[in-house]
Amino acid sequence: MPTSRGGASSVSRGRRCLAALLSVTLLSQSVWAQVNLPALGDSVSAEVSIGAEKKLGDQVMRQIRPDPDFIDDPLLLEYVQGTFNPLVKAARRLGNISDDTADRFAWEVFLVRDKSVNAFALPGGYIGVHLGLIAMTGARDELASVLGHELSHITQRHIARSIIGDSRNSMLATAGMILGILAAARSRSTDGVQAAVLGSQAAAAQASLNFSRDMEREADRVGFQVMTQAGYAPAGMASMFERMEQAYHLMDSGAYPYLRSHPLTSERIGEARARLGTNAETKLVGTTEHALMAARSKVLMDQRAEAWRQLQGLDAGARQGARTDQLAARYTSALASIKLRDFSRAEATLKTADAIAGLLGADPGAQRMMVFLHAEFELARGKPAAGFAALDALKGDRSRPMLMLKAELAKADDRPEIKRDVVDSLQTYLSLNSADSLGWQEIAPLWQQLNQPLRSVRAQGEARAALGDINGAIDRMRSALRQSRSRDSDQIEASVIDARLRSLLYEQRQMLAEMYPRGVPVGAEP
């Protein structure tokens with residue numbers, strides 16, 4: 001992930017990554033204990049099992065999720081995950097995903113708040129995408145080509161193969177390789193990555209940070225098959241390569257780490273074009289919805305006020321060109337104005353954006369995004385009732401982005417009946433999606449506002465558990481259990497908390513047993 005906007009140095013980031021390395025190294029002891037298990041169908045599985053790779057990925061994700069630059073923007077995440085899911089289904093149809101990995105790997109995309117152009121695969125089916133990558137794409141097919149490529153690194157077990165290669169040298173080299181992946185996701189600074197790698201005495205891992213050329217070519221080939229099988233335009237991969245190559249040469253300021261870990265050789269670009277045939281057109285025309293998603297990414301990827309002021313000026317500079325581009329410019333400007341709390345300018349820009357959207361005609365995805373933007377505007381200026389009124393245009397939308405935005409509006413709304421309606425909907429959703437940290441974070445203050453403190457503290461604990469912070473979750477559940485001893489407490493909720501605490505304590509013991517297979521050292525107990 002990027003260097004923190006709050007001023008944390010890349011070296012301190014490297015040290016934080018080193019802390020992650022220590023836990024990964026401990027976990028690797030249990031991973032390599034499985035080396036002599038029978039093969040699960042291929043030579044890679046004989047040395048690194050599916051379960052071991054998944055555990056390793058989960059451990060890395062526990063380090064990433066609490067980071068402030070791990071961003072859960074429901075609209076963007078829904079769009080990127082919606083782009084990724086057809087790729088996973090296509091890979092399954094093509095036989096790239098076995099029944100074992102289909103059930104056990106996460107197949108999850110997450111977003112990183114960073115303006116650099118980057119994406120990366122992690123063990124266990126996780127893929128990270130920087131907002132800067134989304135912002136520079138011109139069509140969903142281009143984004144799908146990157147996701148298909150990273151997905152193929154996972155399905156072809158490239159990460160496990162790299163682990164095996166390093167493990168033959170030393171365990172620390174293997175752990176350092178995982179650290180390198182994590183550090184590459186968290187810092188654009190080569191110095192920061194080097195500091196972490198050297199600090200772990202695993203300088204050899206630097207050579208393992210990138211996949212081999214053969215693996216890159218294989219990911220291109222398999223990724224192309226997957227994206228076309230999923231229904232995306234075949235031109236997406238070549239178009240993305242050309243876009244990135246041009247941008248990289250025009251402005252190489254360190255903002256393109258994807259091109260360093262995935263070098264765009266002339267051979268790879270030529271192969272991508274060759275797959276299309278000699279007469280194929282590589283230029284794609286993106287949808288209005290994608291243009292607005294890219295616009296949203298531009299605003300959210302950099303939280304500095306000066307960056308928002310630059311984007312705010314787009315409302316005056318986009319009066320020519322395609323209407324889709326004009327609408328995207330005004331969406332960018334309006335959202336930047338909302339972030340800057342310049343509500344008069346945001347309101348004026350929204351009016352012109354609505355006029356352009358009306359001229360463009362029906363694009364349900366774009367229309368939905370404009371409705372959400374109006375509701376965000378009303379929320380920011382303290383008019384939640386107007387925000388709910390704006391969302392009435394999307395009656396029947398019970399999506400995650402709708403639930404989360406309504407929760408934000410309900411927290412600012414004085415009407416108890418509105419809070420209860422939103423809580424009921426959120427609770428139903430969370431009963432089916434208990435690993436949604438943001439959902440628990442949204443419902444916790446609503447329960448507090450409805451004078452249900454036990455449920456509020458329990459929700460805080462569930463949010464920590466969903467982030468992978470088991471110790472934090474246990475602390476909150478214990479606090480809730482202490483509160484439940486008062487006479488007027490909800491004893492049914494208290495029994496639920498007690499059962500959940502027991503479950504978390506069991507999970508904690510299991511994690512410790514995996515990290516310390518020879519016994520928990522003195523002082524390592526939580």
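Which residue stands opposite I71 in β2? In this predicted model, that place is taken by L111. The two residues belong to a pairing between strand β1 (residues 70-71) and β2, which is antiparallel and runs over two bridges. On top of that, β2 pairs with strand β4 (residues 126-130), this time in the parallel sense and with five bridges. Here V109 has I127 of β4 as its bridge partner. As for its surroundings, strand β2 (residues 108-112) has four of its five residues buried, so the rest of the structure largely encloses it.

Now for the helices, starting with α20 and α21. Helix α20 (residues 384-391) packs against α21 with the axes 8 Å apart and at an angle of about 155°. Since angles over 145 degrees count as roughly antiparallel, that is how α20 and α21 are therefore described. Their crossing is left-handed. On the α20 side, the contact involves P384, G387, F388 and L391, which meet M402, L405, K406, L409, A410 and A412 of α21. Sorted by character, these residues come out as eight nonpolar, one polar and one charged.

Helix α21 (residues 400-412) also meets helix α22 (residues 416-432): the axes come within 10 Å and cross at roughly 145°. This crossing, too, is left-handed. From α21, the residues R400, L403, M404, K406, A407, A410 and K411 take part, while α22 brings in I418, K419, V422, S425, L426 and Y429. The tally for this contact is eight nonpolar, one polar and four charged residues. K406 and A410 of α21 turn up in the contact with α20 as well as in the one with α22.

Key. Residues numbered from 1 in each chain as written. Predicted model: local features only at pLDDT ≥ 70, side-chain atom pairs only at ≥ 80, totals over all residues. Heavy atoms only, no water. Axes fitted to C-alpha atoms, helices over the stretch in contact; angles between N-to-C directions. Left-handed = near helix turned anticlockwise from the far one by under 90°. Contact = heavy atoms within 4.5 Å. Nonpolar A, V, L, I, M, F, W, Y, C, P; charged D, E, K, R; others polar. Buried < 20%, exposed > 50% of the residue type's maximum accessible area, 1.4 Å probe, protein only. Pairing = 2+ DSSP bridges. Parallel < 35°, antiparallel > 145°, perpendicular 65-115°, else oblique.
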